[in-house]
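Grab a pencil and get ready to work through some exercises on a protein structure. Try each task yourself before you read the solution.

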Amino acid sequence: IGAAQSAATSSNLQLWTVISVQDRERRGAIARLCADQHQVREAPWFFAFLADHFRLRQAAAEVEESAAGLDYVEFFVMALVDAALAAERMVCAAESMGLAICYIGALRNDPEGVRRLLELPEGTFGIFGLCLGWPAEDAGAEIKPRLSPDAVWHREIYRREVPIAEYDERMRAFYERERMRRDVTWSMRSGRRVDEHHLTGREVLKEWLSAQGFCRR
């Protein structure tokens, strides 16, 4: 947690909070909300990272400031960035000690369920989860290949012709080694992942976030 708090935070607003979920019953409930993933249920530690405007609204109210700017999308984006930076700083610290991690985006599958389970006040939102623990001694997971640097590092301006074909071939070999379908490329798999049929409950986020006090302007 100390490492997470050492991360950069815009204007020192610290618009994030983390909740550790260790109680067995509550852990089982949050696992069910996260697509019932085994690692969420079994990891020694599970953390829910939140965008948090509630704390700052409370602090502002105590000194008679309205904090009306928090209604704008900008401050929601700021909270997302703050939380992601904090989590990754925590991950780097954990991995330097030999621990293993797994981010859980499925925390967003049922934002209302997470709100009720963790008793979240208005102005908070569960962005992602994080599993933490020691890797199994026989764990031999291969590092998943990434796009080539030229695909993500552009010089001066955005280069619209991005090299993807060679990455599709590298990922095809990875899928084969992992006993996944090698006839499906990264482009095909990723394209299907971002269609309208794979939102797994997250299609409600725009309306839910507004009701929760975010992105009202």
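Here are six exercises on this predicted model, each with a worked solution.

**Exercise 1: Get your bearings**

Work out how many helices and strands the protein has, and in what order the elements run.

Solution.
- Step 1: Start with the tally, which is 10 helices and 4 strands.
- Step 2: Now walk along from the N terminus, and you should read α-β-α-α-β-α-α-β-α-β-α-α-α-α.
- Step 3: For the extent, take the C-alpha trace, which spans about 60 × 45 × 35 Å along its principal axes.
- Step 4: Finish with burial: of the 217 residues in the protein, 36% are buried.

**Exercise 2: Explore the largest pocket**

Find out which residues lie nearest the centre of the largest pocket and which element gives the most to its lining.

Solution.
- Step 1: The space in this largest pocket comes to about 630 Å³.
- Step 2: Its lining is made of 20 residues, and E142, I143, K144, R146 and F174 are the ones nearest the centre.
- Step 3: Next, look for elements that give two or more residues to this lining; these are α8 (165-177) and α9 (186-193).
- Step 4: The top contributor is α8, with 4 residues.
- Step 5: Sort the lining of the largest pocket by class and you get 13 nonpolar, 2 polar and 5 charged residues.

**Exercise 3: Now the second largest pocket**

Describe the second largest pocket by its volume, and sort its lining by class.

Solution.
- Step 1: The volume of the second largest pocket is about 250 Å³.
- Step 2: This pocket is lined by 13 residues, and A100, I101, G133, W134 and P135 come closest to its centre.
- Step 3: Two strands, β3 (100-104) and β4 (124-133), are the elements giving two or more residues to the lining.
- Step 4: The class split for the second largest pocket is 11 nonpolar, 2 polar and no charged residues.

**Exercise 4: Follow the salt bridges**

Which parts of the chain does the salt bridge between R217 and D71 tie together?

Solution.
- Step 1: A search of the whole structure turns up 10 salt bridges.
- Step 2: In one of them, the side chains of R217 and D71 meet at 3.7 Å, N to O.
- Step 3: Place both partners: R217 is in the segment after α10 (205-211), while D71 is in the loop between α4 (54-62) and α5, so the bridge ties together parts 146 residues apart in sequence.
- Step 4: Check the surroundings of each partner. R217 has a relative accessible area of 47%, so R217 is partly exposed. D71 has 16%, so D71 counts as buried, since the cut-off for buried is under 20%.
- Step 5: Look for a further partner, and you find that R57, D71 and R217 are linked in a network of salt bridges.

Now try another pair: where do E112 and R115 lie, and how far apart are they in sequence?

- Step 1: The side chains of E112 and R115 meet in a salt bridge at 2.6 Å, N to O.
- Step 2: Both residues sit in helix α6 (residues 111-117), 3 residues apart, which is about one turn of the helix.
- Step 3: With 24% relative accessible area, E112 is partly exposed, and R115, at 24%, is partly exposed too.

One more pair for practice: the side chains of R155 and D150 form a salt bridge at 3.6 Å, N to O. R155 is partly exposed at 44%, and D150 is partly exposed at 44%.

**Exercise 5: Hunt for a surface patch**

Which residues form a nonpolar patch on the surface?

Solution.
- Step 1: The patch is formed by V73, V77, V81 and L85, and together these have about 290 Å² of accessible area.
- Step 2: Pick V77 and locate it: V77 is in helix α5 (residues 73-96).
- Step 3: The relative accessibility of V77 is 38%, so V77 counts as partly exposed.

**Exercise 6: Check the backbone**

What is phi of Q14, and what is phi of E156?

Solution.
- Step 1: Phi of Q14 is near 55°, which is positive although Q14 is a residue other than glycine.
- Step 2: Q14 is in the loop between α1 (2-5) and β1 (16-20), and Q14 is partly exposed at 32%.
- Step 3: Phi of E156 is near 70°, again a positive value in a residue other than glycine.
- Step 4: E156 is in the loop between α7 (149-152) and α8. With a relative accessible area of 82%, E156 is exposed.

Definitions and conventions
Residues numbered from 1 in each chain as written. Predicted model: local features only at pLDDT ≥ 70, side-chain atom pairs only at ≥ 80, totals over all residues. Heavy atoms only, no water. Patch = residues over 30% accessible without salt bridge, like charges linked within 9 Å, V, L, I, M, F, W, Y side chains within 5 Å. Areas by Shrake-Rupley, 256 points an atom, 1.4 Å probe, with all protein chains shown as cover. Salt bridge = Lys/Arg side-chain N within 4 Å of Asp/Glu carboxyl O. Buried < 20%, exposed > 50% of the residue type's maximum accessible area, 1.4 Å probe, protein only. 1 Å grid on protein atoms, 1.4 Å probe; cavity = no way out; pocket = protein on both sides within 12 Å on 5 of 7 lines; lining within 4 Å. Points joined across faces, edges and corners; volume = space filled by probe spheres on them. Nonpolar A, V, L, I, M, F, W, Y, C, P; charged D, E, K, R; others polar.
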